[in-house]
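Welcome, and please load the model in your viewer before reading on. Each stop below suggests something to select and then tells you what is there.

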Amino acid sequence: MPIWLSADVLALIATAASIGVLHTAIGPDHYVPFAALARARGWSAVRTAAITAACGLVHIAGSVLLGLVGVAFGLALESLTGIELWRGNLAAWLLLSFGLVYMVWGMRRANRQHSHAHVHTHADGVVHSHAHDHAGDHGHIHAEQSRASLAPWALFLIFAFGPCEALIPLLMYPAATHHVAAIVAVCAAFAIATLVTMQVLVLMMRWGLNRIDFSHRAFAGAARHVNTFAGALISVCALAMLVGL
């Protein structure tokens with residue numbers, strides 16, 4: 001056993017893994033946005049997992065890099081905590097903005113898909129009507145596809161700002177009093193636990209949402225509002241973050 005792998009370091013590694021699972025599970029922003037968009041956009045399980053992993057990695061990397069800078073330059077823990085708090089507020093507001101914009105876009109898209117009747121009266125007095133919607137408009141289709149493809153990139157940017165609040169004060173700084181390898185081990189344990197928990201919760205929620213059959217008469221007309229619902233869920237997650245900050 002390496003000399004740096006003492007009982008204290010092992011305890012820190014175990015703590016890092018536990019905190020990684022806990023902070024992910026109690027933070028719905030870590031999984032609800034991905035599952036909601038996966039249901040709304042019809043993402044496959046593989047694509048959902050890949051987008052979740054990318055956002056999770058950049059989410060962790062930001063705090064790890066900040067912590068390493070703090071350790072390397074001997075910065076006071078209070079200054080790093082202040083930066084993390086600022087990042088958390090920014091990420092929450094960005095997520096709320098994204099959720100609201102996506103919800104409005106979903107409402108407009110649903111409205112264009114809504115069928116309505118056009119009534120015509122001919123010169124001979126014959127009156128007839130025909131159903132019509134705007135879902136087939138060629139320009140609208142391309143515009144909607146372009147906007148929808150931005151959703152994963154928006155989440156990636158938001159998670160780049162989102163901090164792992166517990167990582168630096170509870171794990172990295174204590175590990176730095178032992179050995180560089182201890183910092184690596186603690187960060188790795190935290191990262192693996194966080195990413196695995198995100199994947200499990202996202203894919204489980206996606207599976208549950210996909211069980212909702214919008215073709216059932218109980219959900220009549222709801223299918224075209226699936227993007228609106230997704231935006232609303234994301235907005236609620238962001239509001240929960242802001243209330244908790």
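The tour of this predicted model goes from a pocket to the nonpolar cores, and then to a glycine and some cysteines.

**Stop 1: the largest pocket**

Start by selecting G27, D29, H30, E165 and M241. Among the 21 residues lining the largest pocket, these are the closest to its centre. The pocket itself has a volume of about 440 Å³. Now colour α4 (77-113), α6 (151-161) and α9 (226-244), the elements that each give two or more residues to the lining. Which element gives the most? That is α9, with four residues. If you colour the lining by class, you will find 12 nonpolar, seven polar and two charged residues.

**Stop 2: the largest nonpolar core**

Next, select F34, L37, L95, F98, Y102 and L155. These have the most contacts inside the largest nonpolar core, which has 30 residues. To see where the core comes from, show α2 (32-41), α3, α4, α6, α8 (180-210) and α9, each of which gives two or more residues to it. Keep α9 highlighted, for the largest share of this core, seven residues, is from that helix.

Zoom in on L95 and display what surrounds it. Leaving aside residues up to four places away in sequence, L95 touches D29, P33, L155, I158, I234, A238 and M241. Two of these names, D29 and M241, will be familiar from the pocket, where they are among the residues closest to the centre.

**Stop 3: a second core**

Select A16, I19, L80 and L171 now. They are included in a second core of 25 residues, separate from the one you have just left.

**Stop 4: a glycine in α3**

Move to G62, which sits in helix α3 (residues 45-73). Is G62 buried, partly exposed or exposed? Its relative accessibility is 22%, so it counts as partly exposed. Add R87 to the selection and draw a C-alpha to C-alpha distance: the two are 9.8 Å apart in space and 25 residues apart in sequence.

**Stop 5: the cysteines**

How many disulfides does the structure hold? There are zero. Select C187 together with C164: C187 is in no disulfide, and its nearest cysteine sulfur, that of C164, is 9.8 Å away. C187 counts as buried because its relative accessibility is 10%, under the 20% limit. Finish at C237, which is also buried, with a relative accessible area of 5%.

Technical notes: Residues are numbered from 1 along each chain as its sequence is written. This is a predicted model: local features need pLDDT of at least 70, side-chain atom pairs count only at pLDDT 80 or more; totals for chains, interfaces and linings use all residues. Side-chain values use heavy atoms; hydrogens and water are left out. On a 1 Å grid over the protein atoms alone, a cavity is a set of points where a 1.4 Å probe fits but cannot get out, and a pocket is an open set with protein on both sides within 12 Å along at least five of seven lines; lining residues have an atom within 4 Å of a point. Grid points are joined across faces, edges and corners, and a volume is the space filled by probe spheres set on the points. Ala, Val, Leu, Ile, Met, Phe, Trp, Tyr, Cys and Pro count as nonpolar, Asp, Glu, Lys and Arg as charged, and the others, Gly among them, as polar. Buried means under 20% relative accessible area, exposed over 50%, partly exposed in between (1.4 Å probe, protein chains only). A disulfide is a pair of cysteine sulfur atoms within 2.5 Å. A nonpolar core is a set of buried Ala, Val, Leu, Ile, Met, Phe, Trp, Tyr and Cys residues joined through side-chain atoms within 4.5 Å. Contact means heavy atoms within 4.5 Å.
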